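Good morning, and thank you for making time for this presentation. I would like to take you through one structure, beginning with its aromatic side chains.

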Amino acid sequence: MPVHQITDPDDDRIADYRALTDVELRTRWEPPHGLFIAEGELVLRRALRAGYPARSYLVDAKRVDQLADLDTGDAPVYAATQDVLQQATGFHVHRGVLASFHRRPLPTAAEVLAAARRVLILEDVNNHTNLGAIFRGAAALGIDAVLLSPSCADPLYRRSVRVSMGEVFAMPYAKLDPWPTGLDQVRDAGFTVLAMTPAPDAVPIQRLTPAQRERAALLLGAEGPGLTAAAQSASDVRVVIPMRRGVDSLNVAAAAAVAFWELGRDDPPFGGA
């Protein structure tokens, strides 16, 4: 595995990794250039296992041996000191390993729905940490696919990928457009659209009928504002997680995990910790 030493943080060979903490710059740079950044060895290896082709690797010079067993193919491996890494990326790369990957074309919503029994739909979820946590919970708790409104954040943004522990690579997802009329497509595919809301007149999620659970499409909105009125009107059933002690709601990622578990509680046993 040939390793190329980088001593200048402005070296054009590592342009993919520049200013990784600048969200606005990265969201304007990465999707149009067909790339995303993976941070950490575990996430990097999961991206490779999922079939994403690497563009390049950038590692702490002291950690090059961590990648010694990889077949890096045509993707160059760059190594630099922590000082150079921090100047280039804008943060202390404490995991010591970064990689730039090529994106793959997204499937259509119809393709995703055709292969799923239980799906998650997100409206306006723009917090990358929440998005990553939601994807991780979805992968762990029986969701087959995710549909995103056009205004949702990018699941392949570095922070989302890191928080999901690379589970964004295992979860099929697609854009659902137009919004919210695209929910008709979900319903036409045989799903019941369940809109999550803290409204006191909503149906407690544990009281859904077997028919409503059978092919569930769980719809969640952004932290704080929740679902828009238009999205709720386009759903089939408004559901709530009953709260105690005067608490009115949960963090969206926590609420999603509770709802995932509840919808899948009667699924056949499966392995895992």
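**Aromatic pairs and local backbone features**

Both Phe-135 and Tyr-173 are buried. Please keep in mind throughout that this is a predicted model.

Let me place these two residues in the fold. Phe-135 belongs to helix H5, residues 128–140, and Tyr-173 to strand S8, so their pairing ties together parts that are 38 residues apart in sequence. How are the rings of Phe-135 and Tyr-173 arranged? Their centres lie 5.8 Å apart with the planes at 90°, so the pair is edge-to-face, the class for angles over 60 degrees.

In total, the count comes to five aromatic pairs. A second one that I wish to discuss is formed by Phe-36 and Phe-169: the ring centres are 5.5 Å apart and the planes stand at 40°, so this pair is tilted. It links distant parts of the chain, 133 residues apart. Phe-36 sits in strand S2, residues 35–39, while Phe-169 sits in the loop between helix H6, residues 158–163, and strand S8, residues 173–175. Are these two residues buried or exposed? Phe-36 and Phe-169 are both buried.

Phe-36 and Phe-169 also belong to a cluster: ring pairs link them with Tyr-52 and Phe-101.

Next, the charged groups over rings. Tyr-52, a member of that cluster, has Arg-104 over its face, at 4.1 Å from the ring centre. A further case is Arg-158, which lies over the face of Phe-91 at 4.5 Å from the ring centre.

I now turn to the backbone. Which residues are joined by cis peptide bonds? One such bond joins Asp-177 and Pro-178, with omega about 5°. Another runs from Trp-179 to Pro-180, with omega near 0°. Pro-178 lies in the loop between S8 and helix H7, residues 183–188, and Pro-180 is placed in the loop between S8 and H7 as well. Strand S8, which leads into this loop, is also the strand that holds Tyr-173 of the edge-to-face pair.

There are also positive phi values to report in residues other than glycine. For Ala-19, phi is near 55°. This residue is located in the loop between strand S1, residues 3–5, and helix H1, residues 23–29. With a relative accessibility of 23%, Ala-19 counts as partly exposed. For Met-165, phi is likewise near 55°. Met-165 is found in the loop between H6 and S8, where Phe-169 of the tilted pair also lies. Its relative accessible area is 27%, and Met-165 is therefore partly exposed.

Moving to the surface, what makes up the nonpolar patch? It is formed by Met-243, Val-247, Leu-250 and Val-258, which together have about 280 Å² of accessible area. Met-243 lies in the loop between strand S12, residues 237–240, and helix H10, residues 252–263. At 31% relative accessibility, Met-243 counts as partly exposed.

Finally, a word on annotation. An unreviewed UniProt entry lists residues 119–260 as "domain: tRNA/rRNA methyltransferase SpoU type". In the model, the C-alpha atoms at the ends of residues 119–260 are 10 Å apart, and the span is 31% helix and 19% strand.

Thank you for your attention.

Technical notes: Residues numbered from 1 in each chain as written. Predicted model: local features only at pLDDT ≥ 70, side-chain atom pairs only at ≥ 80, totals over all residues. Heavy atoms only, no water. UniProt positions renumbered as here; feature names shortened; annotations may be inferred. Helix = DSSP H or I, 4+ residues; strand = E, 2+ residues; numbered from the N terminus. Phe/Tyr/Trp six-rings, centres within 6.5 Å; stacked < 30°, edge-to-face > 60°. Buried < 20%, exposed > 50% of the residue type's maximum accessible area, 1.4 Å probe, protein only. Lys NZ or Arg CZ within 6 Å of the ring centre and 35° of its normal. Patch = residues over 30% accessible without salt bridge, like charges linked within 9 Å, V, L, I, M, F, W, Y side chains within 5 Å. Areas by Shrake-Rupley, 256 points an atom, 1.4 Å probe, with all protein chains shown as cover. Salt bridge = Lys/Arg side-chain N within 4 Å of Asp/Glu carboxyl O.
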